[in-house]
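Q: Could you take me through one part of this model up close? I'd like to start with a pair of residues facing each other across two strands, and then see what is built around them.

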Amino acid sequence: ELLPDMSANDHIEKEAQRLREKKPEVVDNDSMTLTRFLLHEQKKYPNSTGDFTRVLQSIQLACKVVGTCVRRAGIGGFYGLQGTVNTTMDEQKKLDVIADETWVNALRSSFSTCVLVTEEQENIVSIEEEFNGKYVVTFDPLDGSSNIDCLVSIGSIFGIFEKKSPGPGTIQDALQKGDNLVAAGYCLYSSAVMLVVTTGHGVNGFTYDTTYGEFVLTDYQMTVPKKGSYYSCNEGNSFWWDPAMRAYVERKKTPNEAGKTYSARYIGSMVADVHRTLRYGGIFMYPSDCKQTKGKFPGASGKLRLLYEGGPMAFILEQAGGKALCDCLNVTRVLDILPTGIHERCPIYLGSADDVDEMTAIYQEMRPEVEKWRSEKFTA
């Protein structure tokens, strides 16, 4: 808007003068990018071959491509269903398929992987001999994809194992406990794109800088608060929960001695919900339930997949100082479970140590009720 008695030319000249006097932005020409960070870490191991670094560099490339596709989904026509279902019977979105192909191609081209496990394919992806390496990568290429069309935060999750058997990689190389993970991480596509990674020595967050096209270290040695004030779960399933789970959530909604309650936060995208839990503390839960479908109990083992959702996220939270259980009654860590199938599911209770301990204590107090509930409900 022009000021009174100011012509258009005067206004332009005034703006030009302002720009001439404007101080230049400070350019950070010494950023700690993810690539630079990985090379620094690699130097700590004199006998390193660089294979592990190449795997993580391939993952960051996949995240860049998927992040771009997510941002351009509306313009590029990537919204909507693909018309197929994946191995877990979820309807595939167009971006699910694009993301899966992107991750597989990037990891195959690293020349460092032998077996890939992806949510979108029923069987393992065996890497051809000429591209073969020694690492197994498990991943959900686009977690929370049901939220794509309404622009809610979504993400990718991955875990990396080292092959155990000699010869070509097999399914047995993928069926390892989470305690055997050599790295895990997730990429969150939201108001910013952030890649959170652990290699077993703490958790670090890298934010994507579109100016340089690089992930830059912004969150060094991330830790989850010892106790939070948020709980995150799908309360729409509460009718089918066991008594201890219902009692815990009810306790969080009841004012304590100070008159405070926990706040409920649930997005429906594991990456977004876990990232918030990591930053602010609290607890994220996706328990087993007794909802019956065609005489079966698909929720008896939870919903989230162990190899490429529960395991990697549990590894990250433990590295950040939190806890992650799959059975609060028997106090079983997620990372202690040996999977028998690549798409095996497990219940999840993860977050701040004190909050997970409180959940565990309620299960111990209500052991008879929970055991009775399990014996009665899981009988078709």
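A: Lys323 sits opposite Gly351, which belongs to strand S16. Keep in mind that this is a predicted model. The strand pairing behind that match is S14, residues 323–327, with S16: the two run antiparallel and share three bridges.

Now look along S16 itself, residues 348–351. Tyr349 and Gly351 point to one side of the strand, while Ile348 and Leu350 point to the other. Are these residues buried or exposed? All of them are buried, whichever way they point.

S16 has another partner too. Strand S13, residues 283–286, pairs with S16 in the antiparallel sense, here over four bridges. One match to look for in that pairing is Met285, whose bridge partner in S16 is Tyr349.

From S13 you can step on to strand S11, residues 230–232. This time the strands run parallel, joined by two bridges. Ser232 is the residue standing opposite Phe284 of S13.

Put those pairings together and you have an open sheet of six strands, with mixed pairing, in the order S12-S11-S13-S16-S14-S15. At its edges are S12 (263–264) and S15 (332–333), each pairing on one side only. As a general reminder, strands of a sheet pair through backbone hydrogen bonds, and they can do so parallel or antiparallel.

In the sequence, helix H8 covers residues 270–280. H8 is mostly covered, with nine of its 11 residues buried. Among the buried ones are Met270, Val271, Ala272 and Val274, but also Asp273, His275 and Arg276. Just after H8 comes Gly281, with a positive phi of about 85°.

There's a second sheet to compare on screen. Eight strands make up this one, in the order S4-S3-S5-S6-S7-S8-S9-S10; it is open, and its pairing is mixed. S4 (125–126) and S10 (214–219) are its edges, and each has a single partner strand, so one side of each has no neighbour in the sheet. Inside the order, S5 (residues 132–143) and S6 (residues 154–162) run antiparallel and are joined by seven bridges. There, Asp140 has Ile157 of S6 as its bridge partner.

For a spot in a helix, try Cys69, which lies in H3, residues 51–71. Cys69 has 15% relative accessibility, so it counts as buried, the cut-off being under 20%. Setting aside neighbours within four places in sequence, Cys69 is in contact with Phe78, Leu95 and Ile98. Of these, Leu95 is 26 residues away in sequence, with a C-alpha to C-alpha distance of 7.7 Å.

Zoom out, and the chain holds 11 helices and 16 strands. Its radius of gyration is 23 Å, which agrees with the value near 21 Å for a compact globule of 380 residues. Buried residues account for 49% of the chain. Among contacts with a separation of 6 or more, 63% link residues 24 or more positions apart. As for charge, there are 41 positive and 50 negative side chains, and the centres of the two sets lie 2 Å apart.

Technical notes
Residues are numbered from 1 along each chain as its sequence is written. This is a predicted model: local features need pLDDT of at least 70, side-chain atom pairs count only at pLDDT 80 or more; totals for chains, interfaces and linings use all residues. Side-chain values use heavy atoms; hydrogens and water are left out. The radius of gyration is taken over C-alpha atoms; the globule rule is 2.2 Å times the number of residues to the power 0.38. Buried means under 20% relative accessible area, exposed over 50%, partly exposed in between (1.4 Å probe, protein chains only). Contact means heavy atoms within 4.5 Å. Lys and Arg count as positive and Asp and Glu as negative; His and the chain ends are not counted. The place of a charge is taken as NZ of Lys, CZ of Arg, CG of Asp or CD of Glu. Two strands pair if DSSP finds at least two bridges between them.
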